[in-house]
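Please open the model in your viewer and keep the selection panel at hand. The tour below goes from the whole chain to an enclosed space and then to a buried contact.

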Amino acid sequence: MAEPVDARCARELTAVFEELGAADAGALAALEALCFSSPWSEAQFVSSFGQAAFRAFGLRAAGRLAGYAAVYCGADELELLNIAVLPELRRQGLGARLLDGVLQAARKTGMNRGLLEVRVGNAPARALYESFGFAPVGRRKRYYADTGEDALVYQLDLASREECCMRKIVAANWKMYKTRGEAAATATALRRLLDGNMPEGRDVVVFPPFLAVSAVAEALAGADRMAVGAQDVYPAAEGAFTGEVSPAMLRDGGASWVLVGHSERRHVLGEDDAFVGRKAAFALEQGLKIMVCVGETLEEREAGRLEAVLARQLDAAFAGVRAAGCGDLAVAYEPVWAIGTGKVAGPREIAEAHALVRRLLVRRFPEFGNNVAILYGGSVKPANAASIIALDNVDGLLVGGASLDAESFSAIVRA
């Protein structure tokens, strides 16, 4: 007799929690009593949802219950009742880790859809769910009996999320370094170091200077999961634009990607948001994949303008994008104050910004915003790469100075 879906999901979730800590049913029951003014019985679950497959899983840390997740399972969908985490651990991202574990377990079990309800006024929870790609699909009036508050109903395609999370992009931006010969030698060495040593689910993109694009493309020709991009593009097919390079020229040189909106283009060379958007839209139309760079200055962050800055940059960058798939786009978040300075944003700062970018992408592209890769850039090195790429919503890295050496960059790719 086949094992029931809810039992398989319970087994998978138990494994998730065992990786993070030990389950404690007694402490869980006590915490649940505190979290719910009127804890639901199994009979209430059956009455309301037509299914009895309710499971709750607790996580212990430092000798006490640190959090729990409560779920109920159907034949092909998982509904999340609640995630509760101690405040000090929530600030460290544990809530996101628990949610990630729950969703992975559901997908392994063969479920295709995730559902949940959240209070309209619960901004932190909504932000967490939206950062994982949950999108609002309905509203239940006066759903919560204790306050009479409305609930937003969120839904997530679990199959799409799995595809999104499978691959991570590690990109090298060589800026204005390396002659053709030097670029070819570095690319050849990089290929040798990564041949057979590329971690599963990693893709590499190298962005050399314009004159070295073809040399790097030749050195990497036929290499598995290694591509070449250009550091900029002009939004015209041809014309009297002295010093500029068109998408057709880049493709002819072997480039399949292009960076647009890098902070050095914005802040050193004076490109505005609208011009970045024109480049992005035209490059996509001409068959290139785009990596849009966004990020705030230190002054903007300290003034509390992070969300406003990222929203403005992303809205402008994608304003002209009419037809695209998730594989055609990537976003690189680079806090301007951390580029080439040796300073690195902390885990909390990175997670906050990437969650915000994810919400903005889902808002802009409801059908595939959850699948767009978000990279972090800013003084990435072999020593910090693994800890950064492991963070929620970090789908890769954009590396500057540390990518100029093949040994250093290959270590980052393998992190």
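How much area does the protein expose, and what percentage of it do carbon and sulfur atoms supply? With everything selected, the protein exposes about 18500 Å², and carbon and sulfur atoms supply 52% of that area, where accessible areas come from the Shrake-Rupley method with a 1.4 Å probe. This is a predicted model, in which local features need pLDDT of at least 70 and side-chain atom pairs count only at pLDDT 80 or more, while totals for chains, interfaces and linings use all residues. Residues are numbered from 1 along each chain as its sequence is written, and side-chain values use heavy atoms, with hydrogens and water left out.

Switch to a cartoon view, which should show 17 helices and 14 strands; helices (H or I, at least four residues) and strands (E, at least two) are DSSP runs, numbered from the N terminus. Colouring by burial, you would find that buried residues (under 20% relative accessible area, 1.4 Å probe, protein chains only) make up 53% of the 415 residues.

**The cavity**

Next, select Gly261, His262, Ser263, Arg266, His267, Cys293, Val294, Gly295, Gln313, Glu334 and Val336, which line the largest cavity. A cavity is a set of points on a 1 Å grid over the protein atoms alone where a 1.4 Å probe fits but cannot get out, and lining residues have an atom within 4 Å of a point. A search of the whole structure finds one cavity of 30 Å³ or more, and the volume of the largest is about 40 Å³, a volume being the space filled by probe spheres set on the grid points, which are joined across faces, edges and corners.

Highlight helix H11 (263-267) and strand S11 (289-294), each of which supplies at least two residues of this lining, with H11 giving the largest share, three residues.

**A buried arginine**

Now move to helix H15 (residues 347-364) and pick out arginine 358 within it. Arginine 358 counts as buried because its relative accessibility is 1%. A polar atom of its side chain lies 2.7 Å from the backbone oxygen of valine 372.

Centre the view on valine 372, in the loop between H15 and strand S13 (373-377). Is valine 372 buried or exposed? With a relative accessible area of 0%, valine 372 is buried. Finally, add valine 331, which is 41 residues from valine 372 in sequence and 7.4 Å from it in space, C-alpha to C-alpha.

How values were computed
1 Å grid on protein atoms, 1.4 Å probe; cavity = no way out; pocket = protein on both sides within 12 Å on 5 of 7 lines; lining within 4 Å. Buried < 20%, exposed > 50% of the residue type's maximum accessible area, 1.4 Å probe, protein only. Polar contact = N/O pair within 3.5 Å; in protein donor to acceptor, adjacent residues only side chain to side chain.
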